[in-house]
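Hi,

Here is the structure I said I would pass on. Have a look at it first, and then read on for what turned up.

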Amino acid sequence: MKRFYAIVLVLCLLLSGCHMRFTHRDEIPPVSRDLEVHYVDVGQADCIFLRCDGKTMLIDGGNVEDSNLVVSYLLSQSVTKLDYVVNTHAHEDHVGGLPGVMAVFEVGAVWCPVTEYSSSCFEDFANYADQQYLELTLPEPGSTYELGQAQVTVLGPVKEYDDTNDTSIVLRVDHGDNSFLFTGDAEETSEKDILDYGMDVSATVLKLGHHGSDTSTCYQWLRAVAPEYAVIQVGEGNTYGHPHEVVMSRLRDADVQVFRTDLQGHIVCRSDGEGVTFTTNKNAPVTNPTQKTENLIGNKNSGKFHLPECSGLPKEENRVFFASYEEATAAGYAPCGNCLG
Ligand SMILES: [Zn+2]
Ligand SMILES: [Zn+2]
């Protein structure tokens, strides 16, 4: 009998030990295992910030004039270090803001398709990389890298090109059931070469190539990617006419829900490994006219969301927009008792 009590005592001690450990762990705020993808509104240019498990990646940095905006955006997200800085290709609307970013943040690695390009902003970029003793490297197609729980796969470029847009580094980032595709300004030639190479390009969310130009997002590419959502980084009233109507109509035919930085400002997509949630800082998220638009308006202060006709809408600066009831509740918002009760 004594031995029985001794065993019970040992079990109790073990259990209480476990219990204490669990309690202790609860007290530490967990690092989010969600993958956040921020399509930062830098007008007619690209800038995407990714974070998962505290690991960070910046893909492009907008134009030179966007440098301060990008730095303050990252500071507002409490970023202290960038594990990866990717310059998809050497054009100013992709590399321009990066020197300013690299002057402020510690960087782990820099990816770029070229080591030299004759423009002052690219030279600045190369100099700032040099100051942090970083080499501009082009990762091998097919190679993979960890970004916390997310995995980054290099899909392109699979060949060398004279056309700078086609030299764009193309990445797929997988997080649970969700995948994100980042294409820079890769055009049809590179898209088809990546498909011919046999890369798996399927993705939940596609960052459209070259700001929605008809030189990218060819039919075969769109069919292979088969995205549910597309994000277009494009400037309001740009002189190129981006996004081109032929691309928008391809997206409509493929039943893809479209987000645009010229209309919605900063677009943040969050993956919990199962679903994705979009939030935008202005206007309603859905711009595909063939789809039903649900302009649900959230109040950042109260955590409630409303129909646009509700009498209790928040002030402009406190608004956040959702495409659907599900997206609003997934983001932690509760329906307004008046308009949605
Ligand atoms: Zn561009
Ligand atoms: Zn370009």
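Before anything else, one term: a residue counts as buried if 20 or more other C-beta atoms lie within 10 Å of its own, and as exposed if there are 12 or fewer. Keep in mind, too, that this is a predicted model.

With that in hand, try helix α2, which covers residues 67-76. Its buried residues are Ser67, Val70, Tyr73 and Leu74. Looking down the axis of α2, you'll find these buried residues within an arc of 130°, so they line one face of the helix. Asn68, Ser72, Leu75 and Ser76, on the other side of α2, are exposed. And what covers the buried residues? Among the elements doing so are β2 (48-52) and α4 (98-104). Right after the helix comes Ser78, with a positive phi near 60°.

Now the wider view. The chain has 341 residues, and 45% of them count as buried. Its secondary structure adds up to 10 helices and 19 strands. If you take the contacts with a separation of 6 or more, 65% of them are between residues 24 or more positions apart.

There's also a sheet to look at. It is open, has seven strands and mixed pairing, and runs in the order β7-β8-β9-β10-β11-β12-β13. At the edges sit β7 (144-147) and β13 (257-260), each of which pairs on one side only. From one strand to the next, the twist averages 20°. Inside that order, β11 (residues 205-207) and β12 (residues 229-232) run parallel and are joined by three bridges. Val205 is the residue standing opposite Tyr229 in β12.

Finally, the core. In soluble globular proteins, nonpolar side chains tend to be buried together. Here the largest nonpolar core holds 82 residues, and the members touching the most others are Ile48, Leu50, Val85, Ala230 and Val231. Helix α5 (residues 120-131) contributes the most, with six residues. Domain 1 (35-280) and domain 2 (296-335) both give residues to this core, so it lies between them.

Val231 is worth clicking on. Setting aside neighbours within four places in sequence, Val231 is in contact with Tyr39, Val205, Lys207, Leu208, Phe259 and Ile267. Of those, Val205 is the one you met above, opposite Tyr229.

Cheers

Definitions and conventions
Residues numbered from 1 in each chain as written. Chains lettered and ligands numbered in written order. Predicted model: local features only at pLDDT ≥ 70, side-chain atom pairs only at ≥ 80, totals over all residues. Core = buried A, V, L, I, M, F, W, Y, C linked by C-beta atoms within 7 Å. Helix = DSSP H or I, 4+ residues; strand = E, 2+ residues; numbered from the N terminus. Domains from an automatic or database assignment. Contact = placed C-beta atoms within 7 Å. Pairing = 2+ DSSP bridges. Axes fitted to C-alpha atoms, helices over the stretch in contact; angles between N-to-C directions. Arc of directions from axis to C-beta.
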